[in-house]
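Colleague: I would like to learn how to read this model feature by feature, with the general idea before the particular case. Could we go through it together?

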Amino acid sequence: QVQLVESGGGLVQAGGSLRLSCAASGRIFSSRAMNWYRQVLGKQRDLVAGIMSGDSPNDADSVQGRFTISRDNAKNTTFLQMNSLKPEDTAVYYCFYIVNTDGMRWRTYWGQGTQVTVSS
């Protein structure tokens with residue numbers, strides 16, 4: 001069983017920065033995708049940035065040039081560096097992994113979410 005634990009959220013003024021982390025516990029053979037999503041109450045969960053196996057990192061148009069996703073493969077941890085934050089970035093941020101834990105099946109996992117609030 002894999003558990004994802006996010007950290008790094010909080011309250012920041014517009015223009016500030018935060019760095020989110022998503023650490024995976026449990027045995028992971030390989031990963032297909034490690035993504036960050038965000039959700040505003042009452043709205044759908046949207047992809048913010050992601051790393052697919054073998055591909056370059058990608059991110060949503062709304063955060064390009066401001067957010068950077070990275071990963072530490074040895075620790076099965078992903079990071080989301082968020083700079084030049086805007087009030088519209090306020091949301092709960094979730095990490096999402098597609099991983100192989102037994103050499104046979106791909107499984108999906110969500111973190112519990114971390115609140116990011118950007119004040120104007």
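Colleague: How many bridges join strand 7 to strand 8?

Modeller: Strands of a sheet pair through backbone hydrogen bonds, either parallel or antiparallel. In this predicted model, strand 7 and strand 8, the latter spanning residues 77–82, run antiparallel and are joined by 6 bridges. To see one position in that pairing, take Phe67, which stands opposite Met82 in strand 8. The loop between strand 7 and strand 8 holds Asn76, a residue that has a positive phi of about 50 degrees although it is not a glycine. Asn76 has a relative accessible area of 17% and is therefore buried, the cut-off being under 20%.

Colleague: What is the strand order of the open sheet of 4 strands?

Modeller: The order is 1-3-8-7, with antiparallel pairing. Strand 1 (3–7) and strand 7 (67–72) stand at the edges with a single partner strand each, so one side of each has no neighbour in the sheet. From one strand to the next the twist averages 15 degrees.

Colleague: Which residues pair where strand 3 meets its partners in the sheet?

Modeller: Strand 1 and strand 3 run antiparallel and are joined by 5 bridges, and within this pairing Glu6 has Cys22 in strand 3 as its bridge partner. Strand 3 also pairs with strand 8, in the antiparallel sense and over 6 bridges, where Cys22 stands opposite Thr78 in strand 8. Cys22 can thus be followed on both sides, with Glu6 as its bridge partner and Thr78 opposite in strand 8.

Colleague: In a regular strand, how are the side chains arranged relative to the two faces of the sheet?

Modeller: In a regular strand the side chains alternate between the two faces of the sheet. For this model, the next feature to read is the nonpolar core. The largest nonpolar core has 27 residues, and those touching the most other members are Leu4, Trp36, Val48, Phe67, Leu80, Met82 and Tyr93. Two or more residues each come from strand 3 (18–25), strand 4 (30–39), strand 5 (45–52), strand 7, strand 8, strand 9 (91–100) and strand 11 (114–119). Strand 9 gives the largest share, 5 residues.

Colleague: Which residues does Tyr93 touch, not counting residues up to four places away in sequence?

Modeller: With those places left out, Tyr93 touches Glu6, Leu20, Trp36, Tyr37, Arg38, Val48, Phe67, Leu80, Met82, Gly113, Thr114 and Val116. This list includes Trp36, Val48, Phe67, Leu80 and Met82, which are also among the core residues that touch the most other members.

Colleague: How is a pair of aromatic rings described?

Modeller: A pair of aromatic rings is described by the distance of the centres and the angle of the planes. The count here comes to 4 aromatic pairs. One of them is the edge-to-face pair of Tyr37 and Phe96, with 5.9 Å centre to centre and 90 degrees between the planes. Tyr37 in strand 4 and Phe96 in strand 9 are 59 residues apart, and the pair links distant parts of the chain. Both rings belong to buried residues, Tyr37 at 17% relative accessibility and Phe96 with a relative accessible area of 10%.

Another edge-to-face pair is that of Tyr94 and Trp110, at 6.3 Å centre to centre and 90 degrees between the planes. Because Tyr94 lies in strand 9 and Trp110 in strand 10 (residues 106–110), this pair ties together parts that are 16 residues apart in sequence. Tyr94 counts as buried at 13% relative accessibility, whereas Trp110, with a relative accessible area of 37%, is partly exposed. Tyr37, Tyr94, Phe96 and Trp110 form one aromatic cluster.

Colleague: Which residue lies over the face of Tyr94?

Modeller: Arg45 lies over that face, at 3.6 Å from the ring centre. A further case is Arg19, whose charged end sits over the ring of Phe79, 4.0 Å from its centre.

Colleague: Is Ser120 buried or exposed?

Modeller: Ser120 has a relative accessible area of 89% and is exposed; its place is in the segment after strand 11. Not counting residues up to four places away in sequence, Ser120 touches Ala14 and Pro87. The C-alpha atoms of Ser120 and Glu88 are separated by 9.6 Å, with these positions 32 residues apart along the chain taken as their spacing.

Methods
Residues numbered from 1 in each chain as written. Predicted model: local features only at pLDDT ≥ 70, side-chain atom pairs only at ≥ 80, totals over all residues. Heavy atoms only, no water. Pairing = 2+ DSSP bridges. Axes fitted to C-alpha atoms, helices over the stretch in contact; angles between N-to-C directions. Core = buried A, V, L, I, M, F, W, Y, C linked by side-chain atoms within 4.5 Å. Buried < 20%, exposed > 50% of the residue type's maximum accessible area, 1.4 Å probe, protein only. Contact = heavy atoms within 4.5 Å. Phe/Tyr/Trp six-rings, centres within 6.5 Å; stacked < 30°, edge-to-face > 60°. Lys NZ or Arg CZ within 6 Å of the ring centre and 35° of its normal.
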